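This report goes through the pockets, the metal site and the cysteines of the structure shown below, in that order.

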Amino acid sequence: MAKIKYAYNTLVYAGEEIEQGIERLARFGYDGVEFVGEPDKMDAGRIRESLGRHQISASSICAIYTPDRDLVSSRPEIRQNAVRYLKSCVDFAKTLGAQGISVTPTANMKIHAEADAATEWKWAVESLREAGSYAGEHGIRLAVEAWNRYENYLINRLEQSLALVTDVGLPNVGCMGDTYHMNIEETDMAQAFRSVGDKLFYVHFADSNRAAPGRGHIDFRPIAQALTDIGYEGYISMELLPPFADPFGGVRMEEFYDRYSQESIEYLRKLFQSI
Ligand code: LER
Ligand code: MN
């Protein structure tokens with residue numbers, strides 16, 4: 001049985017002190033905590049101390065790509081700003097002891113290209129190579145996450161993530177799948193995970209409606225089987241978000257705190273034990 005580790009993206013724990021989220025995840029038996037990538041707004045030293053106290057690790061940094069942090073902007077200063085931002089996330093990850101950072105070339109919710117496909121691809125490769133080299137020097141991995149077509153136009157499926165990762169050509173730059181997006185974009189989610197193989201660095205789990213696994217209509221069994229078969233030993237991080245058009249608006253919904261945190265890990269432990 002593959003040694004899967006479980007994490008939870010604290011992005012959804014809006015409106016509470018980060019220590020509360022760390023304590024909750026440790027209490028429910030999670031291995032890791034995923035942190036929002038806003039290093040300037042967070043006290044890394046305090047978080048590190050809290051992680052130590054609760055004996056839980058930092059799994060990854062969920063980088064936030066605003067329009068001025070766009071790795072494939074047509075404006076070189078914006079691409080540079082995005083690389084600078086990623087480097088600051090590398091420093092943040094290192095302080096917390098996190099292994100990696102999620103990456104999406106293009107800003108969140110950007111659905112139109114600014115140049116022809118070949119030019120944008122070149123910008124993506126260049127930006128990722130620069131950020132990836134810096135990350136590599138610090139022992140941090142970058143995971144290129146595919147997002148659905150309504151949130152992003154460049155990388156929608158794992159095969160595109162793998163193509164970009166191959167062109168970047170750095171050992172610490174790999175792929176990342178999120179079952180919410182994959183349910184929209186992939187023909188066969190389990191097969192998509194298999195085809196990435198050992199280049200799979202990180203995984204987000206959510207059901208079809210972005211609620212806790214088991215509360216929508218995704219069949220997680222073939223996915224768990226695929227992850228087991230490819231020997232995936234990284235984190236599965238729950239990234240659960242409210243059922244709104246703007247899920248990142250910070251709306252507080254009670255079930256996403258204790259209830260979904262507990263339910264998700266119980267559901268997945270039972271599933272992986274049965275594989
Ligand atoms: C965006 O939809 C996503 O899946 C996240 O991992 C980043 O916030
Ligand atoms: Mn995700």
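## Pockets

The second largest pocket has a volume of about 160 Å³, where a pocket is an open set of points on a 1 Å grid over the protein atoms alone, fitting a 1.4 Å probe and having protein on both sides within 12 Å along at least five of seven lines. It is lined by 14 residues, and those closest to its centre are Glu 151, Tyr 180, Phe 244, Ala 245 and Pro 247; a lining residue has an atom within 4 Å of a point. Ten of the lining residues are nonpolar, two polar and two charged.

The largest pocket holds about 680 Å³ of space, and among its 36 lining residues Thr 10, Leu 11, Val 36, Glu 38 and Ile 64 lie nearest the centre. Its lining divides into 18 nonpolar, seven polar and eleven charged residues, and helix 1 (18-27), helix 2 (44-54) and strand 3 (57-63) each supply at least two of them.

## Basis of the model

This is a predicted model, in which local features need pLDDT of at least 70 and side-chain atom pairs count only at pLDDT 80 or more, whereas totals for chains, interfaces and linings use all residues. Residues are numbered from 1 along each chain as its sequence is written, chains are lettered from A and ligands numbered from 1 in the order written, and side-chain values use heavy atoms, with hydrogens and water left out.

## Manganese site

The manganese ion (ligand 2) has as protein donors Glu 145 (OE), Asp 178 (OD), His 204 (ND1) and Glu 239 (OE), at 2.0 to 2.3 Å; donors are N, O and S atoms within 2.8 Å of the metal (3.2 Å for Na, K and Ca). The site is octahedral, with angles of 72 to 172° among six donor atoms, a label that requires opposite donors over 155 degrees apart and all others between 65 and 115.

Along the chain the donors follow the spacing E-x32-D-x25-H-x34-E. Because Glu 145 lies in strand 5 (residues 141-145) and Asp 178 in strand 6 (residues 173-178), the pair ties together parts 33 residues apart in sequence. Glu 145 is buried at 4% relative accessibility, and Asp 178 is buried at 0%, buried meaning under 20% relative accessible area with a 1.4 Å probe, protein chains only.

## Cysteines

The count of disulfides is zero, a disulfide being a pair of cysteine sulfur atoms within 2.5 Å. For Cys 89 the closest cysteine sulfur, in Cys 62, is 9.4 Å away, too far for a bond, and Cys 175 lies 17 Å from its closest cysteine sulfur, also in Cys 62. Cys 89 is buried at 0% relative accessibility, and Cys 175 is buried with a relative accessible area of 0%.

Methods: Four donors count as tetrahedral if all angles lie between 85 and 135 degrees; four count as square planar and six as octahedral if opposite donors are over 155 degrees apart and all others between 65 and 115; anything else is irregular. Helices (H or I, at least four residues) and strands (E, at least two) are DSSP runs, numbered from the N terminus. Buried means under 20% relative accessible area, exposed over 50%, partly exposed in between (1.4 Å probe, protein chains only). Grid points are joined across faces, edges and corners, and a volume is the space filled by probe spheres set on the points. Ala, Val, Leu, Ile, Met, Phe, Trp, Tyr, Cys and Pro count as nonpolar, Asp, Glu, Lys and Arg as charged, and the others, Gly among them, as polar.
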